Amino acid sequence: MGKYLEKAMSPAVLNHVWRYFKNERGLWCHGISVEEMQSNLIKHVGLLSEKVLAGKYQPERMNCFEIDKADGKKRLICSSVVQDRLVQRAILTVIEPLGEAIFHESSFGYRPQCTVDMAVAKVREWVQKDFV
């Protein structure tokens, strides 16, 4: 697992995944906004990478709040700070291709570019061919 974390925390991967978050207006971590951290981006991302590789990284608590629903009930919304999402996306970037290489072609759940419509179409095809 170490080599995958090293690759995920490499400058190339972190630079690649930063595009998902560079326009965020939320918190980088509790107490620092994304806007503030961008003035010293390399320092903040570098420190985050060092923590992950040293085994000292701990995700921050999620920001949770309630919103009113149309039916009068409340809905709980929770979100992670951007640094936690950056780490998650970097790791996904490294390990997702490993899984994709071995997944069955008819597996559609939680896969990139796979939709419910594609899964339904595959089932229809199997029914038409009398596979099920």
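This is a guided tour of one predicted model, stop by stop, with a suggestion of what to select at each place.

Before starting, note that residues are numbered from 1 along each chain as its sequence is written, and that side-chain values use heavy atoms, with hydrogens and water left out. Because the model is predicted, local features need pLDDT of at least 70 and side-chain atom pairs count only at pLDDT 80 or more, while totals for chains, interfaces and linings use all residues.

**Stop 1: the aromatic rings**

Begin by selecting Trp-18 and Trp-28, whose ring centres are 6.1 Å apart with the planes at 70°, so this pair is edge-to-face. The terms work as follows: rings of Phe, Tyr and Trp (its six-membered ring) pair if their centres lie within 6.5 Å, and planes under 30 degrees apart count as stacked, over 60 as edge-to-face and the rest as tilted. Trp-18 belongs to helix H2 (residues 11-18) and Trp-28 to strand E1 (residues 27-29), so the pair ties together parts that are ten residues apart in sequence. Helices (H or I, at least four residues) and strands (E, at least two) are DSSP runs, numbered from the N terminus. Both Trp-18 and Trp-28 are buried, where buried means under 20% relative accessible area, exposed means over 50%, and partly exposed is in between (1.4 Å probe, protein chains only).

A search of the whole structure finds two aromatic pairs, and to see another one, select Tyr-20 and Phe-21, which form a tilted pair with 6.3 Å from centre to centre and 50° between the planes. Tyr-20 counts as partly exposed at 40% relative accessibility, whereas Phe-21, at 6%, counts as buried. Keep Tyr-20 selected and add Arg-89, whose charged end sits over the Tyr-20 ring, 4.3 Å from the ring centre. This description applies if NZ of Lys or CZ of Arg is within 6 Å of the ring centre and within 35 degrees of the ring normal.

**Stop 2: the hairpin and its disulfide**

Next, select strands E3 and E4, which pair in the antiparallel sense over six bridges; two strands pair if DSSP finds at least two bridges between them. These strands form a hairpin with five residues between them, and Gly-72, in the turn, has a positive phi of about 90°. To look at one place along the pairing, pick Glu-66, whose bridge partner in E4 is Leu-76.

Which two cysteines form a disulfide? They are Cys-64 and Cys-78, with their sulfur atoms 2.3 Å apart, and a disulfide is a pair of cysteine sulfur atoms within 2.5 Å. By this rule the count comes to one disulfide. Cys-64 lies in strand E3 (residues 63-68) and Cys-78 in strand E4 (residues 74-79), so the pair ties together parts that are 14 residues apart in sequence. The torsion about the S-S bond of these two residues is about 115°, so the disulfide is right-handed. Cys-64 counts as partly exposed at 44% relative accessibility, and Cys-78 counts as partly exposed at 35%.

For contrast, select Cys-29, whose sulfur is 17 Å from the closest cysteine sulfur, in Cys-64, which is too far for a bond. Cys-29 counts as buried, at 12% relative accessibility.

**Stop 3: the salt bridges**

Side chains of opposite charge can pair when their charged atoms come close. A salt bridge is a side-chain nitrogen of Lys or Arg within 4 Å of a carboxyl oxygen of Asp or Glu, and by this rule the count comes to four salt bridges.

Select Glu-24 and Arg-85, whose side chains meet in a salt bridge (3.6 Å, N to O). Glu-24 lies in the loop between H2 and E1 and Arg-85 in helix H5 (residues 82-100), so this pair ties together parts that are 61 residues apart in sequence. Then move to Asp-68 and Lys-74, where the closest N and O atoms of the salt bridge are 2.5 Å apart; both residues are exposed.

Finish with Glu-125 and Lys-129, whose side chains meet in a salt bridge (3.2 Å, N to O). Salt bridges that share partners join Lys-122, Glu-125 and Lys-129 into one network. Is Lys-122 buried or exposed? Lys-122 is buried, with a relative accessible area of 17%, and is found in helix H6 (residues 116-128). Not counting residues up to four places away in sequence, Lys-122 touches Ser-106 and Phe-108, where contact means heavy atoms within 4.5 Å.
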